[in-house]
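Biologist: Before I use any structural term in my report, I should like to know the grounds on which it is applied. Would you take me through the assignments one at a time?

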Amino acid sequence: MTKSITLREANQNFARYVREVEAGQEFVITRRGEAVAKLSPVTAKRVLTPEQEAAWRRTLARLKKGWHLGDWKIPRDKIYER
């Protein structure tokens with residue numbers, strides 16, 4: 001269940017509200033009666049949109065395929081040299 005708190009309450013009792021969020025509670029923060037922010041737990045697994053998922057799959061496929069550099073080779077030591 002989401003609770004509503006004022007911006008002033010959130011400011012004055014932030015640590016308390018963070019502890020409650022860690023326990024699973026969600027808060028909607030309001031200013032002058034209008035919602036302006038949401039304080040909620042971070043989910044363990046990020047949920048991607050279908051577009052993000054497709055982009056991720058394309059990126060992985062490209063990484064697995066690799067890049068053709070012709071006859072030019074980069075020594076491992078040069079990559080990590082800094």
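Modeller: The assignments are taken in turn below, each with its criterion.

Modeller: The model is a predicted one, so local features need pLDDT of at least 70 and side-chain atom pairs count only at pLDDT 80 or more, while totals for chains, interfaces and linings use all residues. Residues are numbered from 1 along each chain as its sequence is written, and side-chain values use heavy atoms, with hydrogens and water left out.

Biologist: What makes the contact between Arg 16 and Glu 20 a salt bridge?

Modeller: A salt bridge requires a side-chain nitrogen of Lys or Arg within 4 Å of a carboxyl oxygen of Asp or Glu. The N to O distance between the side chains of Arg 16 and Glu 20 is 3.2 Å, so the pair satisfies the 4 Å criterion. Both residues belong to helix H2, residues 14-22, and because they are four residues apart, about one helical turn separates them. Helices (H or I, at least four residues) and strands (E, at least two) are DSSP runs numbered from the N terminus.

Biologist: Why is Arg 16 called partly exposed?

Modeller: The classes rest on relative accessible area: buried means under 20%, exposed over 50%, and partly exposed in between, with a 1.4 Å probe and protein chains only. Arg 16 has 40% relative accessibility and therefore counts as partly exposed. Its partner Glu 20, at 23%, is partly exposed as well.

Biologist: How do you know that Glu 26 and Lys 38 form a salt bridge?

Modeller: Their closest N and O atoms are 3.6 Å apart, which means that the pair falls within the 4 Å limit. This pair links distant parts of the chain, with Glu 26 in strand E2 (residues 26-31) and Lys 38 in strand E3 (residues 34-39), 12 residues apart. Glu 26 is partly exposed because its relative accessibility is 24%, whereas Lys 38 is exposed at 54%.

Biologist: How many salt bridges does the rule give?

Modeller: The count is three. Among them is the pair of Glu 53 and Arg 57, whose side chains meet at 3.2 Å, N to O. Glu 53 and Arg 57 both lie in helix H3, four residues apart, or about one turn of the helix. Glu 53 has a relative accessible area of 28% and is therefore partly exposed; Arg 57 has 57% and is therefore exposed.

Biologist: Why is Gln 25 called buried?

Modeller: Gln 25 has 17% relative accessibility, so it counts as buried. Gln 25 is placed in the loop between H2 and E2. Leaving aside residues up to four places away in sequence, Gln 25 touches Met 1, Thr 2, Lys 3, Glu 20, Leu 39 and Pro 41, where contact means heavy atoms within 4.5 Å.

Biologist: Why is Thr 43 called exposed?

Modeller: Thr 43 has a relative accessible area of 56% and therefore counts as exposed. Thr 43 sits in the loop between E3 and H3.

Biologist: What makes E2 and E3 a pair of strands?

Modeller: Two strands pair if DSSP finds at least two bridges between them. E2 and E3 pair over five bridges, in the antiparallel sense, so the requirement of at least two is met. In this pairing, Ile 29 stands opposite Ala 37 in E3, and Arg 31 stands opposite Glu 34 in E3. The hairpin of E2 and E3 has two residues between the strands, and Arg 32 takes a positive phi near 55 degrees there.

Biologist: Which strands are the edge strands?

Modeller: The open sheet has three strands in the order E1-E2-E3, with mixed pairing. The edge strands are E1 (2-6) and E3, each of which pairs on one side only.

Biologist: What makes the nonpolar surface patch?

Modeller: Patches are made of residues with over 30% relative accessible area and no salt bridge; like charges are joined within 9 Å, and nonpolar side chains (Val, Leu, Ile, Met, Phe, Trp, Tyr) within 5 Å. The areas come from the Shrake-Rupley method with a 1.4 Å probe, and for residues only the protein chains shown count as cover. The patch covers about 1100 Å², and its members include Leu 48, Trp 56, Leu 69 and Tyr 80. Leu 69, in the loop between H3 and helix H4 (76-79), has a relative accessible area of 43% and is therefore partly exposed. Helix H3 (residues 50-65) gives the most to the patch, with three residues.
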